[in-house]
Amino acid sequence: MNADLLELQQSVRQVLAGRAVAADEQDTWPLVVELGWLLAGVPEELGGLGQGLAGACVLQIELGRRLAAVPFLPAALALDAVCQSTLADRAQWVERLTTGEYVAAPLAESALDLEPASGGTARLTGLASGVQSADRASHALVWTRAGDCVALAPLERAGVEIVARPTWDRTHRLFDLRFAGLELDETLVLARGAAAQALVRRLGALRDLCLAADAVGGANALLELTVEHLQVRRQFGRPLALFQALKHRCADLKTLIAAAEALLLDSLGRLGDSVADAEAELKAETAKYLASSTYAKVAEEALQLHGGIGMAAEHQCHLFLKRALLNEQLGRQDERYALDIADSLLARLD
């Protein structure tokens, strides 16, 4: 991580330290926009900081530490897609998306198709799943099941239904978008054909890397919270932190987190800004799979290490646990990640 990223990370951490854990989306989102955090991954020629995927992931680590409810990841996906597109008004879109207008994006696998219509137009049909804060978005970044078209879809038109999808995790407000013949606006098409397939790979890698970053940040924060509890809580006349068995459990968790964080940072360092091929896709999948499974393991262990108070639904442990379990389900299904990683390892043996 370079000096600029370290400075960015420290400043973001200081700002968020003054906010409550799992602060309300409406309270934190204006701060994200005002401080220009959305510009971290935007190229310098478009007015951004030019920190690429690493910049977005550093921010997501810190947002994950505070369980921020803001839809930073979908906003970053939309911004990156616009920056990689050939839109004639690309610079204007970047300005709009970094000064308050929000474009949502699906964080789970979707099933969308383009159907031909009269007059040479095309209509969008199907379901986009796991779209965060879709009820406050002007558009949604969507791509077809075949990956041959990436576009911005206006959400305030006939043919789009926004359906809330309640989850245990109150730090994410997720929706499903049901498209029933929404006419595709050619001026909002970001890519087609081979260019669209490369962009879909890039967006999938960015999504997975940011989900890994969120997991690393959350797991680190939860372990710190747990260690602090063990240092304060006393039993048999001494702090729980002095019991060797508990120290070993915390050390094991720290080792798991360090491995997940190292893999994430190594992947970011090796990939740079080139994440549109199969190798980059696999690195992102591996980082996400390890980080999300580690986050869930840490959350479950932290609940036990907090004892009776950890079982209370009002305790912060439950906020971390629910976010960790949801993170495992976002992106592709865990089975897909595991199969892709296994296929890659077996291919190296041939």
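pLDDT is the predictor's confidence in each residue, on a scale from 0 to 100. The model shown here is a predicted one, so local features need a pLDDT of at least 70 and side-chain atom pairs count only at pLDDT 80 or more, while totals for chains, interfaces and linings use all residues. Residues are numbered from 1 along each chain as its sequence is written, and side-chain values use heavy atoms, with hydrogens and water left out.

**View 1. How confident is the predictor across the chain?** Averaged over the chain, pLDDT comes to 90, and 99% of the residues score at least 70. Helices (H or I, at least four residues) and strands (E, at least two) are DSSP runs, numbered from the N terminus. Among these elements, strand S1 has the highest mean pLDDT, 96, and strand S9 (residues 234-235) the lowest, 74. As a rule of reading, where pLDDT is low, the predicted coordinates should not be read in detail.

**View 2. Helix H6, from residue 193 to residue 232.** The expected span of a helix is 1.5 Å times one less than its number of residues. For the 40 residues of H6 that gives 58 Å, and the end C-alpha atoms are 59 Å apart, which agrees. How many of the residues of H6 are buried? The count is 28 of 40, so the helix is mostly covered; buried means under 20% relative accessible area, exposed over 50%, and partly exposed in between (1.4 Å probe, protein chains only). Cysteine 210 sits in H6 and counts as buried at 0% relative accessibility. From cysteine 210 to alanine 324 it is 114 residues in sequence and 14 Å in space, C-alpha to C-alpha.

**View 3. Helix H3 and what lies on either side of it in the chain.** H3 covers residues 52-65; its 14 residues should span 20 Å, and its end C-alpha atoms are 21 Å apart, which agrees. Here 14 of the 14 residues are buried, so H3 is largely enclosed by the rest of the structure. Just after H3, leucine 67 takes a positive phi of about 50°. On the other side, glutamine 51 belongs to the loop between H2 and H3 and counts as buried at 18% relative accessibility. The C-alpha atoms of glutamine 51 and arginine 201 are separated by 20 Å, with their positions 150 residues apart along the chain.

**View 4. An aromatic pair, and a charge over a ring.** Rings of Phe, Tyr and Trp (its six-membered ring) pair if their centres lie within 6.5 Å; planes under 30 degrees apart count as stacked, over 60 as edge-to-face and the rest as tilted. Searching the whole structure turns up one such pair. Which two residues form it? They are tryptophan 29 and tyrosine 102, edge-to-face, at 5.8 Å centre to centre with 70° between the planes. Tryptophan 29 lies in helix H2 (residues 25-34) and tyrosine 102 in the loop between helix H5 (90-98) and strand S1 (103-104), so the pair ties together parts that are 73 residues apart in sequence. Tryptophan 29 is buried at a relative accessible area of 5%, and tyrosine 102 is buried too, at 2%. Elsewhere, arginine 96 lies over the face of tryptophan 93, 3.9 Å from the ring centre; a charge sits over a ring if NZ of Lys or CZ of Arg is within 6 Å of the ring centre and within 35 degrees of the ring normal.

**View 5. The largest pocket and the largest cavity.** On a 1 Å grid over the protein atoms alone, a cavity is a set of points where a 1.4 Å probe fits but cannot get out, and a pocket is an open set with protein on both sides within 12 Å along at least five of seven lines; lining residues have an atom within 4 Å of a point. Grid points are joined across faces, edges and corners, and a volume is the space filled by probe spheres set on the points. The largest pocket holds about 310 Å³. Its lining has 16 residues, with Glu109, Trp143, Arg145, Val200 and Arg332 nearest the centre, and H6 gives the most, five residues. There are four cavities of 30 Å³ or more, and the largest cavity has about 130 Å³ of space. Of the 14 residues lining the largest cavity, Gly41, Val42, Ala56, Ala76 and Asp80 lie nearest its centre.
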